[in-house]
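Subject: Handover of a two-chain model

Dear colleague,

I am passing the structure below on to you, together with some notes on what was found in it. Please look at the sequence and the coordinates alongside the text.

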Amino acid sequence: MKNSILPVLSFLISVLAISCNSNKSTDSGEIKNPDIQQKDTTAPTENADVMNMLYPLPDISPMDMCYFPVDYTKLKMTNAISTPPLARVIYSRPHLQGRQLFDGIIKYGEAWRLGANESTEIDLYHDATIQGKKIKSGRYVLYCIPESKQWTIIFNTNTDTWGLRPDSTKDIARFIIPVNQIKPKLEYFTMVFSETSKGADLIMAWENTEARLPFEF
Amino acid sequence: MKKILFLNGLILLSLLSINAQNNTLPSVDKSPMDMSYYPSNYPVLKIQDKLTEALVARVIYSRPQKAGRTIFGGLVKYGEVWRLGANEATEIEFFRNVRMGGKKIFKGRYTLYAIPTENTWTIILNKETDTWGSFKYNSKKDVVQVSVPVQRSENVAEYLSMYFEKSTAGFNLTIIWENTKVQLPISF
C-alpha cells in the first residue's frame, strides 16, 4: 500500500514544482520591479541543490543569438565563409510554461519586448533595406506591437536597456508585417534568419504564431 | 522513494525537452548564453534612471555546466587555448578606449580566449570576431595577452560565470568556474 502511493506522491510533488516555476516566472512580461530582477533571471528550482547560490544562475529565459548568413559563426570556423556577417540578433527566449500567448503573455495592441530580460538587439553590420526603407548599419533595439493579423516591428536607438520602456522619440523605423499560423506549437520564443532571394527574412515565432521581417542587403 | 523521485525527474526533463524540440526551428542551448555589462547591471540602472557612469564594456558568453566533471586540468586542458565559454566565441565589446596589460585597447568588439594552467591563466584578446569556439584561433590576430593569477574559492560554481567588478584603477572582468577564479584588470 505504502509503495503504491509513492509514485503518485512524487508525481504530485513534480507537478507542484512545475507550477511553482510558472508562478515565479515573470520572464516575458514587463519587469515589475527591477530591484527584484534576480527573480527574472533565476534558474528553475529543481537545480537548486546542485547550484552554488553565490554565483549568478542561468536565466529562466536563456539568451541566444542568430546570425545572417545563417550559422555564420560555424561557417567561419570551417573557413566556409570569408565575407563579414550582415546581421545578428541577440535576444532572450521566454517559454510558454503552460501559458497562453495571446491575450495571455502578450496583449494585442500593446508594445512587446520581443524577448525577455535585456532588450532584444539587432546588429546590422551592413546597411539594409526593409520595405523600401534604408536602415543604416549599427545597433538597434527591436520591439513589436502585435495585432491578431499583423505585427508592427519597430527599430529603436535606445540600446543596452532592460525589458521595454518604449521611448517613441527614439524609434527610427516601423514596419507592418503579416502574421502566419504555424504548427506544431513552439514552446520557446524563437528568432532566426532565413535566406531569401534578396537577403533574408527575420523569423519571429512563438506558440502558433510566426511573422517574417524581410531584409534586403 | 529517492529512486522514484529521480525517475520522475527524468521523465519530466524529457517531457520538457520534447516540448522544446517539437519544431525544426532552433531548440534551447544546453549551455545558455548570457551577457554582463560594465557598469554592472547597466540595462536595469538605465531603465531606473540611476546611471552614474557611461557604458564601458559588455561580455557575451555561453555558460557550460560542470555537470560532475573535473573542469580545470580535466575537461579544460592546462596549457591549451580554451574558448572561455561554449558555442559562439566569447565576445567582449568596449564602448570606449581602455587599457589592458599595459596596452591601449581601442573601442570595438573582440574575442576572448584563455590558456589556463594550474596557477596562472593567460587571457587573450583577439581581433577575429563572430566565430565559433576556439577552433580557428589564430595568434596573429591577438591584440594583447595578459597573465593573471589563479585564485581558489571554497565554493564550487556549477556554471561558468563572467561579470565585471569595479576596481581602484577601473574594473575587473571576473571569471569563475568550478573552484577557480581569475580577475582580468582593465583600466581607463
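The notes below begin with how to read the model and then go through the two chains.

This is a predicted model, in which local features are reported only at a pLDDT of at least 70 and side-chain atom pairs only at pLDDT 80 or more, while totals for chains, interfaces and linings use all residues. Residues are numbered from 1 along each chain as its sequence is written, and chains are lettered from A and ligands numbered from 1 in the order in which they are written.

Confidence

The predictor gives the complex an ipTM of 0.84 and a pTM of 0.81. For chain B, the average pLDDT (the predictor's confidence in each residue, from 0 to 100) is 89, and 87% of the residues score at least 70. Residues 1–23 of chain B should be read with care, since pLDDT stays under 50 over that stretch. For those residues the model has 19 contacts beyond four places in sequence, where a contact means that the C-beta atoms of two residues, placed from the backbone, lie within 7 Å.

Chain A

Chain A has three helices and nine strands, and read along the sequence these elements follow the pattern α-α-β-α-β-β-β-β-β-β-β-β. Helices (H or I, at least four residues) and strands (E, at least two) are DSSP runs, numbered from the N terminus. Of the 217 residues of chain A, 36% count as buried; a residue is buried if 20 or more other C-beta atoms lie within 10 Å of its own, exposed if 12 or fewer, and partly exposed in between, with C-beta atoms placed from the backbone. Among the contacts in chain A between residues at least 6 apart in sequence, 53% join residues at least 24 apart.

Several strands of chain A can be followed from one pairing to the next, two strands being counted as paired if DSSP finds at least two bridges between them. Strand β2 (residues 87–92) of chain A pairs with β3(A) in the antiparallel sense over four bridges, and in this pairing Arg88(A) has Asp123(A) as its bridge partner. On its other pairing, β3(A) is joined to β6(A) by four bridges, again antiparallel, and here Asp123(A) is partnered by Arg139(A). Asp123(A) therefore has a bridge partner in β2(A) and in β6(A). Within strand β3 (residues 121–124) of chain A the side chains alternate, with Ile122(A) and Leu124(A) pointing to one face and buried, whereas Glu121(A) and Asp123(A) point to the other and are not buried.

Strand β6 (residues 138–146) of chain A is also joined to β7(A), by six bridges in the antiparallel sense. These two strands form a hairpin with three residues between them, and Ile145(A) has Thr152(A) in β7(A) as its bridge partner. Strand β7(A) is in turn joined to strand β8 (residues 171–195) of chain A by seven bridges, once more antiparallel, and in that pairing Ile153(A) stands opposite Phe175(A). Because five of the seven residues of strand β7 (residues 150–156) of chain A are buried, this strand is largely enclosed by the rest of the structure.

Chain B

Chain B has two helices and ten strands, which run α-β-α-β-β-β-β-β-β-β-β-β from the N terminus on. Of its 188 residues, 37% count as buried, and of the contacts in chain B with a separation of 6 or more, 55% are between residues 24 or more positions apart.

Three loop residues of chain B may be worth finding on the screen. Asn41(B) is placed in the loop between β1 (33–38) and α2 (42–47), and is partly exposed because 18 other C-beta atoms lie within 10 Å. Its C-alpha atom is separated by 9.8 Å from that of Tyr163(B), although the two residues are 122 apart along the chain.

Val81(B) lies in the loop between β2 (57–62) and β3 (91–94) of chain B, and with 18 C-beta neighbours inside 10 Å it likewise counts as partly exposed. Leaving aside neighbours within four places in sequence, Val81(B) is in contact with Tyr113(B), Ile115(B), Ser134(B) and Tyr137(B). From Val81(B) to Phe135(B) the C-alpha to C-alpha distance is 9.1 Å, with their positions 54 residues apart in sequence.

Phe135(B) itself is found in the loop between β7 (120–126) and β8 (142–149) of chain B, and counts as partly exposed, with 13 C-beta neighbours inside 10 Å. Phe135(B) and Ala89(B) are 46 residues apart in sequence and 9.5 Å apart in space, C-alpha to C-alpha.

With best wishes
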